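Subject: Structure for you to look at

Hi,

Here is the structure I promised to pass on. Have a look at it first, and then read my notes underneath.

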Amino acid sequence: MQTSYAVIAYLPTLIAAIIILLIGWVVGRLLGKVVSRILDKIGVDDLLRKSSIGKAIEDSGTNIVHLFDLIVRWFVYLIAIVAAANVLQLEFLSNLFQNIVFYLPHVAMFLIILIVGFILVDYFADIFQGWGKTRDIEFLGVIIVLLRAFFYFVVLILALSQLLIDLTIIYTFVTPIAWGVGIGVGAGIAVFLAFGLKDRAPEMMDNMMKRISK
């Protein structure tokens with residue numbers, strides 16, 4: 001009898017937890033669809049296709065809109081699971097999923113920094129390449145490859161820092177290399193500009209002198 005009374009007394013708590021999970025499931029799906037539609041209207045996928053990371057994501061058979069849809073859904077799902085676990089007084093599950101919920105925004109920031117950073121690097125590299133082609137400068141491709149690799153690395157480090165990963169070892173070994181690459185890239189740009197502008201230097205000086213005289 002006591003067991004039956006205990007089960008009956010526990011039923012309202014169990015029903016409340018189930019209702020919370022159902023609400024979380026519905027809200028998660030709705031918010032995921034809203035976010036995916038907003039990103040789709042903005043044209044995030046079309047913008048990503050023009051970048052190297054976008055091509056890699058597309059080749060994997062997924063797209064960034066669907067990825068953020070899943071992140072938003074599971075963020076809400078996990079909040080609902082934490083709330084249900086609290087109602088059921090399951091402290092272990094509550095703490096576990098609460099930690100996961102707190103970590104998900106870091107994953108989202110990692111993806112945002114990585115994607116936006118790679119897009120910007122590709123965008124400015126393409127502008128640089130287009131400008132250089134009009135000047136018919138040698139070693140342009142090598143310089144752009146070095147620039148892309150260097151700034152990809154910077155973006156990657158910034159993104160990984162959002163995952164709360166200890167990057168001390170990476171900094172120790174890679175910082176000297178990064179400085180070397182940075183100095184090399186800087187020297188390459190200096191040479192690039194020197195050779196690229198040498199033919200236009202007289203014209204630029206004449207224009208500057210005319211402005212000064214005026």
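Below is what turned up, sorted by topic.

One thing to keep in mind from the start: this is a predicted model.

**The core**

A good place to begin is the largest nonpolar core, which has 18 residues. Ile64, Phe68, Phe110, Leu111, Leu114 and Ile115 are the ones with the most contacts inside it. Three helices each give two or more residues to this core: α4 (64-87), α5 (91-135) and α6 (140-161). Of these, α5 provides the largest share, with seven residues. As background, nonpolar side chains in soluble globular proteins tend to be buried together.

**Helix α4**

Since α4 comes up again below, here is a quick check on its length. With 24 residues at 1.5 Å a residue, α4 should span 34 Å, and its end C-alpha atoms are 35 Å apart, which agrees. After α4 comes Gln89, and the phi of Gln89 is positive, near 60°.

**Salt bridges**

How many salt bridges does the structure hold? There are two. As a general point, side chains of opposite charge can pair when their charged atoms come close.

One salt bridge joins the side chains of Arg73 and Asp69, at 3.0 Å from N to O. These two residues sit four apart in helix α4, so about one helical turn separates them. Are they buried or exposed? Arg73 has a relative accessible area of 15%, so it is buried. Asp69 is buried too, with a value of 7%.

The other one pairs Arg148 with Asp122, and here the closest N and O atoms are 2.5 Å apart. Because Arg148 lies in helix α6 and Asp122 in helix α5, this pair ties together parts that are 26 residues apart in sequence. With a relative accessible area of 18%, Arg148 is buried. Asp122 is buried as well, at 4%.

**Ser36 and what it touches**

Asp69 also turns up in the surroundings of Ser36. Ser36 belongs to helix α1 (residues 2-42). Its relative accessibility is 14%, so Ser36 counts as buried. A polar atom of the Ser36 side chain lies 2.8 Å from the backbone oxygen of Lys33. If you leave aside its neighbours within four places in sequence, Ser36 is in contact with Val65 and Asp69. So if you click on Asp69, you can find both its salt bridge with Arg73 and its contact with Ser36.

**Aromatic pairs**

The structure holds three aromatic pairs, and I'll describe two of them here. A pair of aromatic rings is described by the distance of the centres and the angle of the planes.

Trp74 and Tyr77 have ring centres 5.3 Å apart and planes at 80°, so this pair is edge-to-face. Both residues lie in helix α4, three residues apart, which is about one turn of the helix. Trp74 counts as partly exposed, at 47% relative accessibility, whereas Tyr77 counts as buried, at 14%.

For Phe150 and Phe151, the ring centres are 5.3 Å apart and the planes are at 75°, so that pair is edge-to-face. Phe151 is partly exposed, with a relative accessible area of 40%.

If you want a short route through the model, start at the core residues such as Phe110, move on to Arg148 and Asp122, and finish at Trp74 and Tyr77.

Cheers

Terms used. Residues numbered from 1 in each chain as written. Predicted model: local features only at pLDDT ≥ 70, side-chain atom pairs only at ≥ 80, totals over all residues. Heavy atoms only, no water. Core = buried A, V, L, I, M, F, W, Y, C linked by side-chain atoms within 4.5 Å. Buried < 20%, exposed > 50% of the residue type's maximum accessible area, 1.4 Å probe, protein only. Polar contact = N/O pair within 3.5 Å; in protein donor to acceptor, adjacent residues only side chain to side chain. Contact = heavy atoms within 4.5 Å. Phe/Tyr/Trp six-rings, centres within 6.5 Å; stacked < 30°, edge-to-face > 60°. Salt bridge = Lys/Arg side-chain N within 4 Å of Asp/Glu carboxyl O. Expected span 1.5 Å × (residues − 1).
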